[in-house]
Amino acid sequence: DVGDEETTGEVSKNPDLSTLYMLQVVSKAIDISLAKELKNLLFGSSLCCFSEEWKIQSFTFNSIPQLKYGIVQKKGGPCGVLAAVQACVLQQLIFADSNRNKDARCLQPSEVHRTKCLTLAIADILWRAGGNEKAIVALPSGRQQFTPVGKYKADGILETLILHSAARYEDLMVFLQQNIHQFEIGPCGCILLTVSVILSRSINLVRNDFDVLTNRLIGSHGYCTQELVNLLLTGKAVSNVFNNVIELDSGNGNITILKGITSRSDIGLLSLFEHYDVCQVGCYLKTPKYPIWLVCSESHFSVLFCLEKDLLSDWKTERRFDLYYYDGLANQEEEIRLTVDTTQMCTEDKENDLTPPLEHCIRTKWQGAVIDWNGTEPIL
C-alpha cells in the first residue's frame, strides 16, 4: 500500500529494552469502506453507532485497596469485553511468574504493575486473534480520516482511527507500552480494543467464524454476543461454547455446521444457561489452562478465579478450594471469596429461586459442591 507510512526509529522509553529498539510498526488511516464493514460486523448495519455506555468505557482500575486488580465498569453493555480483559489481566497478575506459590498479596499490585499486566493482557488478546503472527492496534488521531458519506453514520470514533500493524510480538509490546494510556484512561479504550481484535483477526475470518454470516458482535441493548467474547478469549469468533464442530443434517442432503471451541482455552467460561439446560459448555472452556473463568449469568459477564494453578490438574486440590469473584459493574466494595467443598453434597432444589445464580454456575463444573460465602452477603 503506497500510502503506508513506516514508523521506524522510534526510541522506546521502556527500561526493559536496554538497547535502542527500532520499532517496526506500519501505520495507515482507516477508510470509509473498512469503517462500513466494521459497523456491519459489529451492529449489522453501517447506520448504527456505539452507545454512550461503550463510548465512555475504558480499562480503568479500581481504587479500593482489596480490589486494586479490578477493572471498573461504568454502565451496562460492554461487560463481555471488560470481563475478558479482566480475566487476561488476572492471568498475568497471578500466573505470569509461575514458580512462586501464590497468596492473596498478588491481588494488590502497584499501579505500575497492574498497568503492565493490562499491556500484556491486551498484547496476548490481539496476538492470539492475529494467529500468533500479527496484530493491529487501532488508535484515535483526533481528526477525521475520511468524509462520512452515503449509508454511513459517523460516531466520532471510527472515522478518526489510525491502524498500526505489527508483525513481531516485541513490536506489539513496545507499541502498546507507549500507548497503553489510550486503553486504560481512555475515553473509549473498550471500543479501541474491540476494533483492534477484529482487525487483528481480519473481517473476513471473523465473518467465517460465525455459524450464520449475518451474526454480529454487539447484540441488542449494546451487549456483547458470545462471538465477541469467544474472539477475545480464543482468537476465533465462533458462535458456540461446546468443543469442536457439530454437523447437523438439515434435510435434503444439506448439512448445517455449528462451530465451537477448537482447543483448550487459557481462560474458561461457566454459564447459567447450562444450569437451565440451554447450552453445554465443552471442557475446552470449562477446564481451561488457568483457573480463571468468565461467568455468564443473566446476559452479564463477570469473573471467577482461583490462586492455585494446580486446581485444574490435581484432584486433591479440587477437594476444597477458594474461588474469588469479581464483578466490575456491581459497585463491589470488598473482596468476595467463596470456599468450594466438593467432598460434601449439597441438596440443590432446581426450582428454588433463592439459590444465588453464581452457585448454579459453579455447580455446572463442580456438581453438587457445597459453597460457603465466608460471611459475604450472597448475590441473588
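Helix α5 (residues 169-184) tucks many residues away: Asp171, Leu172, Met173, Val174, Phe175, Leu176, Asn179, Ile180, Gln182, Phe183 and Glu184 are buried (under 20% relative accessible area, with a 1.4 Å probe and protein chains only; exposed is over 50%, partly exposed in between). This is a predicted model, where local features need pLDDT of at least 70, side-chain atom pairs count only at pLDDT 80 or more, and totals for chains, interfaces and linings use all residues. Residues are numbered from 1 along each chain as its sequence is written, and side-chain values use heavy atoms, leaving out hydrogens and water.

**More on α5**
- The cover over the buried residues of α5 includes β2 (25-29), α4, β3 (135-140), β4 (161-166) and α6 (189-201).
- Helices (H or I, at least four residues) and strands (E, at least two) are DSSP runs, numbered from the N terminus.
- Helix α5 has a kink of about 60 degrees centred on Gln178, where the bend is the angle between axes fitted to the seven residues ending there and the seven starting there.

**Around the end of α5**
- Gly186, just after α5, has a positive phi of about 95 degrees.
- Gly186 is joined to Pro187 by a cis peptide bond, with omega near 20 degrees.
- You'll find Pro187 in the loop between α5 and α6.

**Two non-glycine residues with positive phi**
- Most residues other than glycine have a negative phi.
- Asn132 isn't a glycine, yet its phi is positive, about 60 degrees; Asn132 sits in the loop between α4 and β3 and counts as exposed at 55% relative accessibility.
- Ser299 has a positive phi near 55 degrees, and at 33% relative accessibility Ser299 is partly exposed.

Terms used. Contact = heavy atoms within 4.5 Å.
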